[in-house]
Amino acid sequence: MTKRTSKDIRNQSRFALLRGLYSLRTATRQELTAATGLSFATISNIVGELIDVGVLVEAGREDSGGGRPVTRLKISPERGALVGIDIAETYVHVDIYDLALGVIGQAESEPAIDENEPSALVRHVAGVLDQAVADAGISRDRLLRVGISLPGQVDPQRGVSVFAPNWDWHEVHIQSLLSEALGLPVDVDNPLRAIAIAELWFGAGRLVNNVATVNLGTGVGTGLAIDGDLVRGSSNTAGEWGHTTLVYNGRLCRCGRRGCVEAYLGVPGLQATMAEINAAHDLLTGDRQREFVADVAKGLADDDPDCKELIEVTARYFAAALGNLVNFINPDHVSILGWTARLLGAELLEVTDKYLPNEMLPSARAAVRVSLSSVVGNSVTLGMATFALEGFLEQVGLPSRGASTRASFGNTSSLAAGA
Ligand SMILES: [Zn+2]
């Protein structure tokens with residue numbers, strides 16, 4: 001890892017302050033000092049910088065008990081808007097955020113099958129963004145910057161989609177294509193990084209620094225934060241827990257290997273388990289994954305014995321896979337999210353809790369809490385808006401690469417597309 005410079009440390013302090021302020025909503029300099037563990041002088045300097053660029057404003061003054069009145073600070077929602085976009089394999093979701101990272105507008109659409117070429121997909125995304133801006137009721141020139149999550153392997157430093165297997169993309173310079181089509185500076189990243197930063201700033205990470213965020217959907221994976229820093233790995237593909245082996249020589253996974261966690265916990269894995277329980281079950285007649293998961297939730301509410309068995313079997317797989325994850329990284333917290341978790345998470349976790357203690361080493365078990373994520377809204381777009389905020393601060397002269405959110409990329413600063 002690159003040696004930290006004094007600039008890196010300053011950047012890291014700035015993100016600690018912002019993370020604290022997003023958690024507290026409003027705070028005095030004294031409260032930020034207590035929340036971050038930074039010195040009062042450091043906090044005062046960073047607050048001054050952020051006020052100068054319009055990101056922080058006064059939220060009022062209050063009596064400090066005899067001395068001078070103290071100033072309460074907040075992020076200025078009026079400073080402009082950030083955009084978070086989740087481009088998934090089957091949909092494009094756009095959320096517009098004010099600078100306090102509250103959602104002010106959104107839109108979603110399903111691209112047609114033949115819109116998988118980069119140029120067609122980029123046009124589609126531009127159309128969905130226009131709808132979201134209309135929904136927010138703001139002028140387009142209020143938009144400051146856009147963060148976009150893409151499936152597959154993404155290199156955020158070069159702005160390249162290195163490999164997207166479902167679309168057969170190789171080395172697509174997607175950041176410049178998107179920036180040109182949207183007329184705005186763009187940051188790109190992988191959804192596992194987005195959910196990790198959202199959880200770190202707005203979920204369990206408000207209280208603890210070692211968090212694994214587990215996504216359950218068509219695919220499964222985990223976003224990792226250790227000691228308050230995102231874990232990216234050497235080529236930004238850390239957290240592909242879904243493609244670690246759960247069953248030796250087990251079910252064929254869509255990555256081409258056998259026995260992956262995803263082949264048991266991804267939605268096609270749930271469908272395969274249901275087929276093993278009762279191949280003639282009504283639930284297996286449709287081919288749409290979301291309907292399947294919604295129907296399982298309905299079946300559980302109606303006490304369908306096959307749906308209950310599906311949760312029972314899946315919970316054992318989940319406990320074993322979570323146990324591996326916990327033993328390996330020793331997190332304070334594991335947060336579960338994703339659309340399967342939204343519909344089935346409560347039931348699945350309740351049964352998983354029966355098996356999980358046996359899958360963890362005592363020391364790791366004693367340290368960890370496992371729960372559904374407390375992040376409100378879409379973690380992927382929220383995380384990408386957080387990256388866009390980082391990019392925006394760089395745009396206005398507060399360089400940020402190498403900070404807490406980009407730790408493994410050293411302190412290079414080369415991502416100013418469109419700035
Ligand atoms: Zn796999």
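# A guided tour from helix 10 to the sheet

Select N330 to begin: this residue follows helix 10, and its phi is positive, near 55°. The model in the viewer is predicted.

**Helix 10.** Extend the selection back over residues 305-329, which form helix 10. At 1.5 Å a residue, these 25 residues should span 36 Å; the end C-alpha atoms of the helix are 36 Å apart, so the expected and computed values agree. Next, display the side chains that are buried in helix 10: C307, L310, I311, T314, A315, Y317, F318, A319, A321, L322, L325 and V326.

**The loop after the helix.** Move on to D332, in the loop between helix 10 and strand 15 (333-337). Is D332 buried or partly exposed? D332 is partly exposed, because 16 other C-beta atoms lie within 10 Å, whereas a buried residue has 20 or more. Leaving aside neighbours within four places in sequence, select the contacts of D332: V208, N209, N210, V211, A367 and V368. For a sense of distance, add V55, which is 277 residues from D332 in sequence and 31 Å from it in space, C-alpha to C-alpha.

**The whole chain.** Zoom out to the full protein chain, with its 13 helices and 16 strands. Along the principal axes, the C-alpha trace spans about 70 × 50 × 40 Å. A compact globule of 419 residues would have a radius of gyration near 22 Å, and the protein chain has 22 Å, which agrees. Buried residues make up 46% of the 419 residues. Of the contacts with a separation of 6 or more, 61% are between residues 24 or more positions apart.

**The nonpolar core.** Now select L82, V83, I85, I148, A385 and A388; within the largest nonpolar core, which has 113 residues, these touch the most other members. Helix 10 gives the most to this core, with 11 residues. In soluble globular proteins, nonpolar side chains tend to be buried together. Centre the view on V83: beyond its neighbours within four places in sequence, V83 is in contact with V94, I96, L129, L143, V146, A385 and A388.

**The sheet.** Which order do the strands of the open sheet follow? The 5 strands are ordered 6-5-4-7-11, with mixed pairing. Strand 6 (103-109) and strand 11 stand at the edges, each with a single partner strand, so one side of each has no neighbour in the sheet. From one strand to the next, the twist averages 15°. Add helix 13 (residues 379-395), which packs on the sheet and touches strand 4, strand 5 (92-98), strand 7 and strand 11. The direction of helix 13 makes about 135° with that of strand 4.

**Across three strands.** Select strand 4 (residues 81-87) together with strand 7; the two run parallel and are joined by 6 bridges. Within this pair, D86 stands opposite S149 in strand 7. Keep S149 selected and turn to the other side of strand 7 (residues 143-149), where strand 11 pairs with it in the parallel sense over 4 bridges. There, S149 stands opposite D189 in strand 11.

**The edge strand.** Finish on strand 11 (residues 186-189) with its side chains shown. V186 and V188 point one way, while D187 and D189 point the other way. Are these four residues buried or exposed? V186, D187, V188 and D189 are all buried.

Methods. Residues are numbered from 1 along each chain as its sequence is written. This is a predicted model: local features need pLDDT of at least 70, side-chain atom pairs count only at pLDDT 80 or more; totals for chains, interfaces and linings use all residues. A residue is buried if 20 or more other C-beta atoms lie within 10 Å of its own, exposed if 12 or fewer, and partly exposed in between; C-beta atoms are placed from the backbone. Two strands pair if DSSP finds at least two bridges between them. The expected span of a helix is 1.5 Å times one less than its number of residues. The radius of gyration is taken over C-alpha atoms; the globule rule is 2.2 Å times the number of residues to the power 0.38. Two residues are in contact if their C-beta atoms, placed from the backbone, lie within 7 Å. A nonpolar core is a set of buried Ala, Val, Leu, Ile, Met, Phe, Trp, Tyr and Cys residues joined through C-beta atoms within 7 Å. Axes are lines fitted to C-alpha atoms, for helices over the stretch in contact, and angles run from 0 to 180 degrees between N-to-C directions.
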